[in-house]
Amino acid sequence: MTSIREKQINALKQMLNLNDPQGRGQAAEPVWKILIYDRYGQDIISPLISIKDLRELGVTLHVQLHSDRDPIPEVPAVYFCMPTEENLGRIGQDLHNGLYDAYHLNFISPISRQRLEDLAAAALSANSVLSISKVYDQYLNFISLEDDMFILRHQNSDSLSYYAINRGEIKDSEMESIMDSIVDSLFSVFATLGTVPIIRSPRGNAAEMVAEKLDKKLRENLRDTRNSLFMMDASQAGMYSFQRPLLIILDRNVDMATPLHHTWTYQALAHDVLDLALNRVVVEESAGRSPAGGAKAKTRACDLDSKDKFWMTHKGSPFPTVAEAIQEELEEYRSSEVEVKKLKASMGIDNDSDAAMAMVSDNTAKLTSAVNSLPQLLEKKRLIDMHTTIATGILNAIKTRRLDTLFELEEKIMSKAALDRNLLELISDSDAGITPDDKMRLFIIHYICSNSMSEVEVDRYATALQNAGCDLNPLNYIKRWKAYAKMAATSNQYVGGGTKTVSMFSKLVSQGSSFVMEGVKNLVVKRHNLPVTRIVDELMEVKGSQETDDYRYFDPKQLRVTDASQVPRNRTAFQEAIVFVVGGGNYIEYQNLVDYTKSKAGAGGPTKRIIYGSSTLNNAKQFLKQLSLLGQELQ
């Protein structure tokens, strides 16, 4: 079953092949071409296709649409952009200036009839109708970050953020346009997957609006049988075609604690501490001393892609395990390096003597194998170095910000365990090294998870937070949010992703600079499902529960729109689900869902596939900032 990421890569490769399906047999020389994209196009391509891959696909030059470009005759130009007025205006200018010989226009989202006519008019007035080879709607308006994860926006993602959807003075028309752009992207996801899902959503929030609009859009497309995107032949649909996936659309408000949680898995830490974005992370390395005497910072960009085996194995592992794995890889590399050196010495390559020549013939076989393994060794060295850099960056942040203490406290709060430290003391403690933002995150999680906090107590904490230099706006918003959500009804919904021997995390930190740590081997991670995972489990396994029984049910393939509360009774469990969070997702929830599917497979059940998607991907710092903006509005 091809993943959403592979399907998107295949669609992009076909587009770069001038929209001819790639033949299996012929490995023909690629046609040289230029790729011109806007920012959206750049965000979609960059996590999927490296510059080296672009070269292999025949792309000699890739440039921004709105940059100054010189005419390049006799080369086809592939455009990949959104059909916005600004972009179409620029394409019109290119036609007018006759920059290229052939134009292949690929729009990320379908272009409207009106804009297509405008484009045609521009081509006519530029007298270049014959130069436009093809105009395609690509339906690729989403960004695949993993085989089972996608987001809708990266640059300019504020327009779809939690703040944008929940702010006070939002006009209906603005809300409509946000919902429409989310639906447009979700429609692209299913057009790329080639399946029509069954949709479930809670009532009375943004998720329900998205579900209604998507249902309508899928229906309209299915009704138009000539142009339907879902009438593929059975061979493409694959083995799952008899069972449709379940799309669960949730609102960020279903769980506000997880986005602020301090985490301890590798990928989520890289996102929280180092701002991992589009599978790239930029780490500061201190490079010697500057003349002024301070440490000179040098940054290094690291690409974390699916070709990196270490990353694929460990991105979901707890950080202590990762630190140990890096150490093991390093030792393994060193031993291979020693072998190559030994071989050199045994062959006397170090000194050019006649005896060395006589020995060459015996050792040719040894040498050949050594030479063949060199490229892999060098690549391994590069990856080890890169992960050491990233892990060191994370470890420094853990030490200075005491992230291990915060993680343990929050786990205890979320799993309702007794706290061994007084939160108020921790917040008031000025030399703890914990930043004001971290204190705020800790307290908000405590506030959301506790259902018996008096006003007086909250005020006492608020004063302490203010003295610690915190911005109180996020708390003001969360107070109002909690009053609305009446969380009392579902007070016990948090169960942290806790661990029985969490102290391993602090052991790593206390043992200082070296990555070596004992005791990781017997680390017992007690898995708990976060709220999102629990809802997914109930809906996929068709377990009734108070919360999910009330969810609406849409089936775009049914001719009549049934009352959305009537859910068919004789349902079998779903094997495939797509979970989509309106208002921003995070790597913590993604990892929790990955662990959930693994635990299901481990239990010997049928393999489940879950894809996690969200309108944007925020780390806790960005999410706090949005809460702060919402809090300012309340004043």
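1. Let's start with strand β1, residues 33-37, in this predicted model. Of its 5 residues, 5 are buried, so the strand is largely enclosed by the rest of the structure. Both faces are covered: K33, L35 and Y37 are buried on one side, and I34 and I36 are buried on the other.

2. Which strands pair with β1? One partner is β2 (residues 59-64), which runs parallel to β1 and is joined to it over 5 bridges. Within that pairing, L35 stands opposite H62 of β2. Another partner is β3 (residues 76-81), also parallel, with 4 bridges to β1. Here I36 is the residue to look at, standing opposite Y79 of β3.

3. Y79 is worth a second look while you are there. Together with Y100 and Y103, Y79 forms one aromatic cluster. The structure holds 15 aromatic pairs. One of them is F150 with F580, a stacked pair with ring centres 6.1 Å apart and 15° between the planes. This pair links distant parts of the chain, since F150 belongs to strand β7 (residues 149-151) and F580 to strand β13 (residues 576-582), 430 residues apart. Are these two rings buried or exposed? F150 has 0% relative accessibility and so counts as buried. F580 is likewise buried, because its relative accessible area is 0%.

4. Rings also meet charges in this model. The charged end of K217 sits over the ring of F187, at 5.4 Å from the ring centre. In a second case, K482 places its charged end over the ring of Y447, 4.5 Å from the centre.

5. Next, a buried acid. D255 lies in the loop between β9 (246-251) and α10 (266-274). Which side chain of opposite charge is nearest to D255, and how far away is it? The answer is R252, at 4.3 Å, and D255 has no salt bridge although it is buried. A salt bridge needs a nitrogen-to-oxygen distance within 4 Å. What D255 does have is a polar contact of 2.4 Å between its side chain and that of T258.

6. Now to the salt bridges themselves. Side chains of opposite charge can pair when their charged atoms come close. The count here comes to 31 salt bridges. One of them joins the side chains of D147 and R5, at 3.8 Å from N to O. The two are 142 residues apart, and their pair links distant parts of the chain: D147 is in the loop between β6 (143-146) and β7, while R5 is in helix α1 (residues 4-16). The partners differ in accessibility: D147, at 34%, counts as partly exposed, whereas R5 is buried, with a relative accessible area of 9%.

7. Another link of this kind involves K134 and D20, whose closest N and O atoms are 3.6 Å apart in a salt bridge. K134 is in strand β5 and D20 is in the loop between α1 and β1, so the pair ties together distant parts of the chain, 114 residues apart. K134 is partly exposed at 28% relative accessible area, and D20 is partly exposed at 40%.

8. R203 and D550 make a third example, with 3.2 Å between the closest N and O atoms of their salt bridge. These residues are 347 apart in the chain: R203 sits in the loop between β8 (198-201) and α8 (206-223), and D550 in the loop between α21 (546-549) and β12 (552-554). Relative accessibility is 35% for R203, which counts as partly exposed, and 43% for D550, also partly exposed. Beyond such pairs, D537, E541, K543, K600 and K608 are joined into one network by salt bridges that share partners.

9. Finally, two pairs of residues that are separated in sequence and can be compared in space. Q93, in helix α4 (residues 85-97), is partly exposed, with a relative accessible area of 44%. The C-alpha atoms of Q93 and A126 are 8.5 Å apart, with their positions 33 residues apart along the chain. Y136, in strand β5 (residues 132-137), is partly exposed too, at 31% relative accessible area. Y136 and L105 are 31 residues apart in sequence, and their C-alpha atoms are 6.2 Å apart in space. Strand β5 is also home to K134, the salt-bridge partner of D20 described above.

Terms used. Residues numbered from 1 in each chain as written. Predicted model: local features only at pLDDT ≥ 70, side-chain atom pairs only at ≥ 80, totals over all residues. Heavy atoms only, no water. Buried < 20%, exposed > 50% of the residue type's maximum accessible area, 1.4 Å probe, protein only. Pairing = 2+ DSSP bridges. Lys, Arg positive; Asp, Glu negative; His and termini not counted. Polar contact = N/O pair within 3.5 Å; in protein donor to acceptor, adjacent residues only side chain to side chain. Phe/Tyr/Trp six-rings, centres within 6.5 Å; stacked < 30°, edge-to-face > 60°. Lys NZ or Arg CZ within 6 Å of the ring centre and 35° of its normal.
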